[in-house]
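Let's take a friendly walk through a protein model. Have the sequence and the 3D view ready, and follow along one region at a time.

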Amino acid sequence: MRYLILASLILTFFLSPAHAASDAGASHNLLLKYKLNEDWFLISRSNMASRFHYDDYFFGYTGIGAGYNLNKNWSLRAGYRHAQIRPRGVWLEENRPYIEGYYANNWKGYRMTYRSRLEFRFFDYRNDDLRFRNELVIEAPWEFTKFKLKPYLEEEFFYGFDKSQFEANWLGAGLSWRPMKGVKLKLGYRWVHQRIGVRWINRNVIVTGVNLFF
């Protein structure tokens, strides 16, 4: 398993950019999770993303949701996100209520999380849509340097029901760091393969993440 994940990391970092011909950007993420009691919690995610070789911040969102722990591995969440995108020159708004199931478990030191989400997307400038997102993240138990950095792999695909088609696939890898209890930081690379109209574009994305747990 160790060699398989190492090989996957190498392929993700070095082969994916070779297929991503046109663009580069960054995605900066903030997650806040507040435990209300043993069953209920609040969760918030915010994001800001750039393109055109990091020069143009064109997308961002923020939102809040609530979750319920079904057991030690499974939880159900529901919430709302407000997103803004600037495809050309004008900022356009999108409202995204969502529901999702989330699974987390540890196996021989490996941590796996799996999330399936339905997003109800409401626009003022195009047809409303229902989108399905499916994400898998695997974090290895190996620790590097004195900071105890751990490598991870992640993959997520997007399917839109309005046009009944796959809209995007994200493939990424990187390192996570837990400097203290309740704090997780990550730095990684993501290959974004995304449908724009009738064509597919590729983007090399540097991903940063700050997760805070209260």
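## Two hairpins in a row

How many residues lie between S10 and S11 in their hairpin, and which residue in the turn has a positive phi? There are two residues between these strands, and Gly197 in the turn has a positive phi of about 65°. Keep in mind that this is a predicted model.

S10 (residues 183–196) has a partner on the other side too: 11 bridges join it to strand S9 (residues 165–180), and the two run antiparallel. Here Ala168 stands opposite Gln194 in S10. The hairpin of S9 and S10 has two residues between the strands, and Gly182 takes a positive phi near 85°. Back with strand S11 (residues 199–213), 14 bridges join S10 to S11, again antiparallel, and Val183 stands opposite Leu212 in S11.

## A nonpolar patch on the surface

Now look at the surface. A nonpolar patch of about 1,100 Å² is found there, with Leu30, Tyr34, Trp74 and Phe214 among its residues. Strands S1 (23–35), S2 (40–51) and S4 (74–85) each supply at least two of the patch residues. S1 gives the largest share, three residues.

Trp40 is also part of this patch, and lies in strand S2. Its relative accessibility is 42%, so Trp40 counts as partly exposed.

## Meet Leu118

Leu118 sits in strand S6 (residues 110–123). Leu118 counts as partly exposed because its relative accessibility is 27%.

Which residues does Leu118 touch beyond its neighbours within four places in sequence? Its contacts there include Pro97, Tyr98, Leu130 and Phe161. Glu100 is 18 residues from Leu118 in sequence, yet their C-alpha atoms are 6.2 Å apart in space.

Technical notes
Residues numbered from 1 in each chain as written. Predicted model: local features only at pLDDT ≥ 70, side-chain atom pairs only at ≥ 80, totals over all residues. Heavy atoms only, no water. Patch = residues over 30% accessible without salt bridge, like charges linked within 9 Å, V, L, I, M, F, W, Y side chains within 5 Å. Areas by Shrake-Rupley, 256 points an atom, 1.4 Å probe, with all protein chains shown as cover. Salt bridge = Lys/Arg side-chain N within 4 Å of Asp/Glu carboxyl O. Helix = DSSP H or I, 4+ residues; strand = E, 2+ residues; numbered from the N terminus. Buried < 20%, exposed > 50% of the residue type's maximum accessible area, 1.4 Å probe, protein only. Contact = heavy atoms within 4.5 Å. Pairing = 2+ DSSP bridges.
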